[in-house]
Amino acid sequence: MSTTVRLKDKTAILRERRFATFFAGNVVSKIGDAAVPVAFALAAYQVSGSAAGITWVLLSLWGARFFMVATGGRVADRYDRIKVMMGADVLRLVAQGALALLFAGLLPVQSWHLCLSAAVYGIGTAFYVPAQIGLTPELVPEERLQDANGLLSLVADVAFLLGPVLAGVLMSTVGFTWVLWLDVASFAVNLVLLLRLSRLHTPARRARTDAPADADADADADTENEDTRFRAGLAVMARYPWFGFGMALWFLVSLGIGLTAVAGPVIAVDSLGGAGAWSVLATCLAVGSLLGSLTVISASKQHPWKAAAVVVTLGAVLQFTTLTLRDHLPTAVIAASFVLCALTTAACGIVWDTAYQSEIPERYLSRVGSVDNFVNAVGVPLGMLVGGLFTDHYDVVFLVLSLLLVLLGLPAARLAGRRRKATP
């Protein structure tokens, strides 16, 4: 079967009205968000007059996500996920809209206004993402779940790739205010589509396949008394060791992403010829991520997490190895390792999402998703912190992180081959 035919087969899922409505809202929302990170950083620098302004805005965003992600997962598992997503988008719409009014001349803009907007935006994201993770398996058949995750990841990759360019164009033409209004408009459109989805949506609660028929009634009765706190999501790791080891592996991968975001520019300037080299490497990351999503979407079959755990480990270790040997390798080789690392991270991330959405009981999915989101919310900024503290010892950091990845990647792959069926 040719790649074109496979892609047509994979995108056939968009003919399903529920997922198509959900996907359309996701596309519009991602387009609106694409320019925001770079534009926000530029605006923070312009308002504060120093790089410290950017730091405080980032801390406000990530700090809010860190403290609220547990609550977001709990709420999404207890209440209607579509309504939770709508509430989260209203929160983000208000955050961006209020800031847009300030930049339009309502009041003099100060740095704390940007920090407050970023914090409210982060809270909304902490509620939205776990709800989306739990909702996706309800909209598509299980055999199409990897296709759905692949399409969602593809949209995020395209937005990530085009975001800096779009931000540059908008900031140099219409200004930051219109970047915010574009984001507000995208949230408004997504809200309309989510409202439509709520009228089409019929939750497809997954029944247990390894339990007797009369066990469903007992499961429903237990649900009323179940632990709905965030720690219930952590408790899933004890029931499913493959998930716990996989989550630990992704923590190290997230740590490496944050480390690379800081160490990459430093190494590029000191060893690879300047800031232009980092621009090339950053573009390679975006291209690799996009190729990773396309690889999974065009695949003829679903990939197992057992193999993906090994692949994502090798991709990250390869990147750290080339950075360690940077003085002995051409920049083109390092750039290729960046493409491969981003490709494996994106592709294996889709496989990972599909694995736990298929295996973990539906009533825990948003809390499990919040654990996943929590790991990213902690791992990336912690990696940035490590990158800032150990500027003179990057080779040692790369070696230690590579060893830890291998030590966790092996048991993660081994346990993935023996995971249990989803049971409440």
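# Exercises on a predicted helical model

In helix α14, 21 of the 29 residues are buried, so this helix is largely enclosed by the rest of the structure. Buried means under 20% relative accessible area, exposed means over 50%, and partly exposed is in between (1.4 Å probe, protein chains only). Helices are DSSP runs of H or I with at least four residues, strands are runs of E with at least two, and both are numbered from the N terminus.

The model is predicted: local features need pLDDT of at least 70, side-chain atom pairs count only at pLDDT 80 or more, and totals for chains, interfaces and linings use all residues. Residues are numbered from 1 along each chain as its sequence is written, and side-chain values use heavy atoms, with hydrogens and water left out.

## Exercise 1. Helix spans

Task: compare the reach of α14 with its expected span, then do the same for α7.

Solution.
- Step 1. Take the rule: the expected span is 1.5 Å times one less than the number of residues in the helix.
- Step 2. Apply it to α14. This helix has 29 residues and reaches 42 Å from its first C-alpha to its last, close to the expected 42 Å.
- Step 3. Turn to α7, residues 145-173. Its 29 residues reach 41 Å, close to the expected 42 Å.

## Exercise 2. The bend in α7

Task: at which residue does α7 bend, and by about how many degrees?

Solution.
- Step 1. Define the bend at a residue: it is the angle between axes fitted to the seven residues ending there and the seven starting there.
- Step 2. Locate it. The bend falls at leucine 162 and is about 45 degrees.
- Step 3. Look just beyond. Proline 164 follows within four residues.
- Step 4. Go past the end of the helix. Glycine 175 follows α7, and its phi is positive, near 95 degrees.

## Exercise 3. Salt bridges

Task: find how many salt bridges the model has, then place the partners of arginine 81 and aspartate 89.

Solution.
- Step 1. Set the rule: a side-chain nitrogen of Lys or Arg lies within 4 Å of a carboxyl oxygen of Asp or Glu.
- Step 2. Count. The rule gives 4 salt bridges.
- Step 3. Start with arginine 81. Its partner is glutamate 138, with the closest N and O atoms 2.7 Å apart. This pair links distant parts of the chain: arginine 81 is in helix α5 (residues 81-106), glutamate 138 is in helix α6 (residues 111-139), and they are 57 residues apart. Both arginine 81 and glutamate 138 are buried.
- Step 4. Move to aspartate 89. Its side chain meets that of arginine 92 in a salt bridge at 2.7 Å, N to O. Both residues lie in α5, 3 residues apart, about one turn of the helix. Both are buried; aspartate 89 has a relative accessible area of 0%.
- Step 5. Add glutamate 16. This residue pairs with arginine 18, the closest N and O atoms being 3.5 Å apart. Glutamate 16 is partly exposed, at 32% relative accessible area.

## Exercise 4. Distant in sequence

Task: how many Å separate the C-alpha atoms of glycine 288 and alanine 342, and those of alanine 413 and alanine 309?

Solution.
- Step 1. Glycine 288 sits in helix α12 (residues 275-298). It is buried, with 0% relative accessible area.
- Step 2. Glycine 288 and alanine 342 are 54 residues apart in sequence, yet their C-alpha atoms are 4.8 Å apart.
- Step 3. Alanine 413 belongs to helix α16 (residues 394-416). At 7% relative accessibility, it counts as buried.
- Step 4. The C-alpha atoms of alanine 413 and alanine 309 are separated by 5.4 Å, with their positions 104 residues apart along the chain.

## Exercise 5. A loop arginine

Task: is arginine 326 buried or exposed, and which side chain does its own side chain contact?

Solution.
- Step 1. Place it. Arginine 326 is in the loop between α13 (305-324) and α14 (331-359).
- Step 2. Classify it. Its relative accessibility is 14%, so arginine 326 counts as buried.
- Step 3. Find the partner. Its side chain makes a polar contact with the side chain of aspartate 395, at 2.9 Å. A polar contact is a pair of N or O atoms within 3.5 Å; within protein, one must be able to donate a hydrogen and the other to accept it, and residues adjacent in sequence count only if both atoms are side-chain atoms.
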